[in-house]
Amino acid sequence: MIGISKLYCGTVEPSDALRYGRHSSKLPSHLLQFSEDKRPVVVWNVTKACNLRCVHCYAHATEQGTSDELTTEEGFRLIDDLAAFGAPVMLFSGGEPLVRKDLPDLAAYAVDKGMRAVISTNGTLIDGKTARTLKEIGLSYVGISLDGLEPVNDHFRGVKGAFAKALKGIRNCQAAGIKVGLRFTMNKQNVREIPGIFDLLEEMDIPRICFYHLVYAGRGSALLADDLSHAETRAAVDLIMERTRELHAKGKPKEVLTVDNHADGPYLYLRMKEKDPERAAEVLELLKMNEGNSSGRGIGCVSWDGEVYADQFWRHHSFGNVRQRPFSKIWTEPEDPLLLHLKDKKKYVQGRCASCRWLDVCGGNFRVRAEAVSGNVWAADPACYLTDEEIAQTV
């Protein structure tokens, strides 16, 4: 996760994270990516059921879901373990998390245990009553997925009217006083929608957006041919940076992040080095605190059936099940060598990643994407768009 607004527009300084000792339990949410202890943010896919049919769903969600979901009581035990472990955030996802009737109870329990509770949703089920309930239980944030304006988004969602319902969900969250933001997955079919999405942020006064690079997982694997080329990726990141700066200059700052391609960090730094060397030095310090991709270390995933994964996309390799062993034990006492290696993956990456100047900043990027293309989990990430010259440049 690369904070474009934090880095490019200077909304965060290295001293901001240092002031809190860089400890997950003490850092405010917008600084968590700079924590030193890297207690994992845990994504819990509470259900496989979903009311939409998104073409790029990493979870292969279905209308009916499955019968092996963790029960409410099992969910409470999971949250007890995560809270005692010091995991700072529980991200409820799916499928569509609001399909689960006990989602408010689970989120409220996490908040009561001292965790920050957020949800990742398609937004179509957030009526006024639901929004008020989520506000009352202390939900920190609602991330709503939009992959374009109405025609394009509804194509991706597989259901006509999804865009209009999502906008109603956003407005209901705003009316209830809940922080709400957008999630957008970039690919060839929707990259031209980015300017319109920025217009929407401004028009609706939406404070946050995460632009996700495509990960080849779940139904998203079928979109491999629609992933952006390296040149297209650079152009998209350039556009995101410039539109973010424009809003900042207009006095309408938004929190803008890119996710799942940590080449964005060095790329942003190299641009800053040309334009503002003094700020670039601070950006590099923050990027080193961020440490790049954190799958299996600073982020983890629990599936609806209790299986534990390195992240929400890496669903073909489980490290254990919370029904047999607590997450905290699976995470800190790995029985699977892959999880152990992911915690120190800079020793194991191969190809151009192994000799890359930016390995400490990028963290080896996304291993699951490398595996999807090459069959080798330690191969170079094919979505890294930095040139050979750029990865050899000195700091």
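A residue counts as buried when its relative accessible area is under 20%, as exposed when the area is over 50%, and as partly exposed in between. Glu 291, at 24% relative accessibility, is therefore partly exposed. The structure described here is a predicted model.

**Salt bridges**

In total, 29 salt bridges are present in the structure. Glu 291 takes part in one of them: its side chain meets that of Arg 297, with 2.4 Å from N to O. Arg 297 is partly exposed as well, with a relative accessible area of 28%.

A second pair is Asp 16 and Arg 19, whose closest N and O atoms lie 3.1 Å apart. Asp 16 has a relative accessible area of 17%, so this residue counts as buried. Arg 19 has a relative accessible area of 56% and is exposed.

A third pair consists of Asp 80 and Lys 113, where the closest N and O atoms are 3.4 Å apart. This salt bridge links distant parts of the chain, since Asp 80 sits in helix α3 (residues 72-85) and Lys 113 in the loop between α4 (103-112) and β4 (116-121), 33 residues apart. Asp 80 is partly exposed at a relative accessible area of 31%, and Lys 113 is partly exposed at 41%.

The three pairs are set out below.

| Salt bridge | N to O distance |
|---|---|
| Asp 16 and Arg 19 | 3.1 Å |
| Asp 80 and Lys 113 | 3.4 Å |
| Glu 291 and Arg 297 | 2.4 Å |

Salt bridges also link residues into a network, made up of Lys 6, Lys 179, Arg 208 and Glu 255.

**The sheet**

Ten strands form an open sheet with mixed pairing. Their order across the sheet is β1-β8-β7-β6-β5-β4-β3-β2-β9-β10. At the edges are β1 (2-3) and β10 (308-309), each of which pairs on one side only. Within the sheet, β2 runs parallel to strand β9 (residues 299-302), and four bridges join the two. Val 42 has Gly 300 in β9 as its bridge partner.

**The largest pocket**

The volume of the largest pocket is about 1,000 Å³. It is lined by 45 residues, and those closest to its centre are Met 1, Val 41, Leu 91, Arg 208 and Ile 299. Arg 208 thus appears both here and in the salt-bridge network.

Several strands contribute to the lining: β2 (41-45), β3 (89-93), β4, β5 (141-145), β7 (208-213) and β8 (255-259) each give two or more residues. Among the elements, β4 gives the most, with four residues. By residue type, the lining of the largest pocket divides into 18 nonpolar, 17 polar and ten charged residues.

**Gly 128**

Gly 128 belongs to helix α5 (residues 128-136). At 23% relative accessibility, Gly 128 is partly exposed. The C-alpha atom of Gly 128 is separated by 35 Å from that of Phe 327, and the two residues are 199 residues apart along the chain.

Methods:
Residues numbered from 1 in each chain as written. Predicted model: local features only at pLDDT ≥ 70, side-chain atom pairs only at ≥ 80, totals over all residues. Heavy atoms only, no water. Salt bridge = Lys/Arg side-chain N within 4 Å of Asp/Glu carboxyl O. Buried < 20%, exposed > 50% of the residue type's maximum accessible area, 1.4 Å probe, protein only. 1 Å grid on protein atoms, 1.4 Å probe; cavity = no way out; pocket = protein on both sides within 12 Å on 5 of 7 lines; lining within 4 Å. Points joined across faces, edges and corners; volume = space filled by probe spheres on them. Nonpolar A, V, L, I, M, F, W, Y, C, P; charged D, E, K, R; others polar. Pairing = 2+ DSSP bridges.
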